[in-house]
Amino acid sequence: ICECGLLSWFVQCLNQQHTQEFAVKCLYNLSIIEEYKSQICYTQTIVIIIEMMINFQERLIPSEIMALAINLSTCQRAIDIICDENNDYLPLIIKRVHRTF
């Protein structure tokens with residue numbers, strides 16, 4: 001998926017409202033395969049998905065976004081990004097969970 005540019009195209013689609021849902025679903029299906037999950041985690045996907053979750057206006061986040069986030073969270077690279085002391089992702093995710101209740 002990297003050699004043909006498909007992964008970078010999906011990441012670009014995440015940034016566009018009209019292709020976002022399609023990209024999330026495709027990335028979710030790819031994230032089931034360990035090799036692809038690792039490749040996904042070395043793109044901006046983690047950051048984009050976290051920001052989508054944090055900034056989602058409705059109380060409940062769509063299941064496709066959550067499923068992708070859960071799959072990617074099992075990758076060490078994703079954990080490193082979320083827990084990096086140079087960003088506020090972990091506290092913002094915790095606040096988002098409280099907003100859901």
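Reader: How does Trp9 count at 42% relative accessibility: buried, partly exposed or exposed?

Author: Good place to start, and keep in mind that this is a predicted model. Buried means under 20% relative accessible area and exposed means over 50%. Trp9 has 42% relative accessibility, so Trp9 counts as partly exposed.

Reader: Which residue forms an edge-to-face aromatic pair with Trp9?

Author: The structure holds three aromatic pairs. In one of them, the ring centres are 6.0 Å apart and the planes make an angle of 70°. Planes over 60 degrees apart count as edge-to-face. The partner of Trp9 in this edge-to-face pair is Phe22.

Reader: How many residues apart in sequence are the parts that this pair ties together?

Author: Trp9 belongs to helix H1, which covers residues 6-14. Phe22 belongs to helix H2, covering residues 17-31. The pair therefore ties together parts whose separation in sequence is 13 residues.

Reader: Which residue joins Trp9 and Phe22 in one aromatic cluster?

Author: We have already met the pair of Trp9 and Phe22. One aromatic cluster takes in both of these residues, and its other member is Phe10.

Reader: What accessible area does the nonpolar surface patch with Leu6, Trp9 and Phe22 have together?

Author: Residues in a patch need over 30% relative accessible area. Leu6, found in helix H1, is partly exposed at 31%, while Phe22 is partly exposed at 44%. Along with Trp9, they form a nonpolar patch on the surface, and the accessible area of the three together is about 290 Å².

Reader: Is Tyr42 buried or exposed?

Author: Look for Tyr42 in the loop between helix H3 (34-41) and helix H4 (45-55). Its relative accessible area is 58%, and the cut-off to pass is 50%. Tyr42 is therefore exposed.

Reader: What distance separates the C-alpha atoms of Tyr42 and Arg77?

Author: Along the chain, Tyr42 and Arg77 are 35 residues apart. In space, their C-alpha atoms are separated by 7.3 Å.

Reader: How many helices does the secondary structure of the chain come to?

Author: Following the elements from the N terminus on gives α-α-α-α-α-α-α. There are zero strands, and the number of helices is seven.

Reader: What radius of gyration does the chain have, and why does it agree with a compact globule?

Author: The C-alpha trace spans about 40 × 30 × 20 Å along its principal axes. For 101 residues, a compact globule would have a radius of gyration near 13 Å. The chain agrees with this because its own radius of gyration is 13 Å.

Note on methods: Residues numbered from 1 in each chain as written. Predicted model: local features only at pLDDT ≥ 70, side-chain atom pairs only at ≥ 80, totals over all residues. Heavy atoms only, no water. Phe/Tyr/Trp six-rings, centres within 6.5 Å; stacked < 30°, edge-to-face > 60°. Helix = DSSP H or I, 4+ residues; strand = E, 2+ residues; numbered from the N terminus. Buried < 20%, exposed > 50% of the residue type's maximum accessible area, 1.4 Å probe, protein only. Patch = residues over 30% accessible without salt bridge, like charges linked within 9 Å, V, L, I, M, F, W, Y side chains within 5 Å. Areas by Shrake-Rupley, 256 points an atom, 1.4 Å probe, with all protein chains shown as cover. Salt bridge = Lys/Arg side-chain N within 4 Å of Asp/Glu carboxyl O. Rg over C-alpha atoms; globule rule 2.2 N^0.38 Å.
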